[in-house]
Amino acid sequence: MHSPTLFILSAVLMALVSTVLCAVWHFNKQIPGLRLWTLSYSLGFLACLSLLVRDYLPEPLSVLLTQGTMLWGACLYLLGCIAHTGKRLVSLRHATVFIAALIGLNLYFTVVHPDLQMRFVLAGLGNGIFFLLTARTLASGERQQVPMRYLVALVAGLHGVFLLLRPLLFKLGPVQPTDVELVALLSQFVLLEFIVALVFMAFGTLMLANEFITNELRHLAEVDPLTSVFNRRAFLMSLDKAIHQAQRTEASLAVLVIDLDYFKKINDTCGHQGGDEVLRHFVQISAQCLRQQDVMGRLGGEEFAIFLPGSDGAGARTVAERLRAAVAARPAATHQGSVALTVSIGLTLCGRGDSSDAALRRADQAMYQAKEHGRNRVEFMAQAPA
Ligand SMILES: Nc1nc2c(ncn2[C@@H]2O[C@H](COP(=O)(O)OP(=O)(O)OP(=O)(O)O)[C@@H](O)[C@H]2O)c(=O)[nH]1
């Protein structure tokens, strides 16, 4: 294929990707890094345009435009990845100095001491380093369920290595600068690699954005916004799974229902905001009393539930007592001052043929017994024999 045709193809693809990214960004401005990725692809589009018109421009200007847009495009993509992975954005000063030095050297090898080979090496060096840093940034992000990150890291890494090594292509075998046809063929191969990497990374970028939105929607659907524990629906689904697992492995499973005592009074004296602060305080204390595998949810209002995989009656009672005592011992700090708090806890064990509804109902009845027996206590209710 002709090089100008490939340039036009790259420019069209860059324009298309920039437009799609821009549209996605317009409706999802909360996606970290997306704005920088959009700018990066827009600069890529400008780089392709400047390559297309390079024969009509003075050479130094063409070098300045092409190298400037390409290097800043690769740099902004890296910055987008840094923002997306939640790391601190690096200072732009280092990147600016690095890019300026590379462009300066490129201009030197264009005007003062013309050397096409050196210009090619320099272009590959700058972009290659940015793409390798991109791969490193994505691959070393926090361990979350984000498989797309690793795929984009792989493509960016391979592209970076190719950019750094591609000057070798022109040194291999019998290729001489005079071997015009072979040089043209290799240049087309280099461009094709660029287009393939561009398309893969564009898909990867969109998948990263999609993954972010999916995770956010899942979070919104599952998590109580006030306390950040599971909401009722997600907790019940989780409990169902845990009950099936416990029945399959014949492991024990305990369920607690916890209700804050006299919460209406707290609301009346501290206001709704104070009440919210108390709810958050309670969740914080609970988290300190639980193991990693224990799961907590807010059933509604001031009622919470916790299930404890692998805990038998004695173990669950110890946890429940520890939680009750910890809440009673540590008043909540609210904007209205310190507020004393106690909880009533109902406890049950899941048995054969149990369901999440039945287990929660028993724990709830036990919790009401704790209220009736004076509050700030733990009561147990066993499963009725079949
Ligand atoms: N601040 C705040 N209050 C809430 C929230 N959800 C429910 N409430 C309040 O929680 C209070 C629950 O009161 P009650 O059901 O009478 O229970 P209680 O006062 O804790 O009494 P006992 O449970 O019998 O000890 C009501 O005043 C609700 O308005 C919330 O998200 N934030």
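Here are some short exercises on the structure above, each with a worked solution.

**Before you start**

This is a predicted model, where local features need pLDDT of at least 70, side-chain atom pairs count only at pLDDT 80 or more, and totals for chains, interfaces and linings use all residues. Residues are numbered from 1 along each chain as its sequence is written, and side-chain values use heavy atoms, with hydrogens and water left out.

**Exercise 1. Find which residues come nearest to the ligand, and which element gives the most to the shell.**

Step 1. Start with who belongs: a residue is near the ligand if one of its heavy atoms lies within 4 Å of it. There are 16 residues around the ligand, and Phe263, Lys264, Asn267, Asp276 and Arg298 come nearest.

Step 2. Now look at the elements, which are DSSP runs numbered from the N terminus: helices (H or I, at least four residues) and strands (E, at least two). Strand E1 (253-260) and helix H9 (263-289) each supply at least two residues of the shell. H9 gives the most, with seven residues.

Step 3. Sort the shell by class: eight residues are charged, four are polar and four are nonpolar. Here Ala, Val, Leu, Ile, Met, Phe, Trp, Tyr, Cys and Pro count as nonpolar, Asp, Glu, Lys and Arg as charged, and the others, Gly among them, as polar.

**Exercise 2. Track down polar contacts of the ligand with leucine 260, phenylalanine 263 and glutamate 302.**

Step 1. Recall the cut-off: a polar contact is a pair of N or O atoms within 3.5 Å; within protein, one must be able to donate a hydrogen and the other to accept it, and residues adjacent in sequence count only if both atoms are side-chain atoms.

Step 2. Try the backbone. Phenylalanine 263 has a backbone N or O atom 2.7 Å from an oxygen atom of the ligand, and for leucine 260 such a backbone atom is 3.1 Å from a ligand oxygen atom.

Step 3. Try a side chain. A polar side-chain atom of glutamate 302 sits 3.2 Å from an oxygen atom of the ligand. The protein buries 66% of the 670 Å² that the ligand exposes when taken alone (areas from the Shrake-Rupley method with a 1.4 Å probe; for residues, only the protein chains shown count as cover).

**Exercise 3. Work out which strands pair with E3.**

Step 1. Two strands pair if DSSP finds at least two bridges between them. E1 and E3 run antiparallel and are joined by seven bridges; one partner pair is isoleucine 258 with phenylalanine 304 in E3.

Step 2. Strand E2 (residues 295-300) also runs antiparallel to E3, with five bridges. Methionine 296 has isoleucine 306 in E3 as its bridge partner.

Step 3. Check the turn. The hairpin of E2 and E3 has two residues between the strands, and glycine 301 there takes a positive phi near 45°.

Step 4. Is E3 (residues 303-309) mostly covered or mostly open? Mostly covered, as six of its seven residues are buried (under 20% relative accessible area; exposed is over 50%, partly exposed in between; 1.4 Å probe, protein chains only).

**Exercise 4. Decide whether serine 18 is buried or exposed, and find its polar contact.**

Step 1. Locate serine 18: helix H1 (residues 3-27).

Step 2. With a relative accessible area of 9%, serine 18 is buried.

Step 3. A polar atom of the serine 18 side chain lies 3.4 Å from the backbone nitrogen of serine 42.
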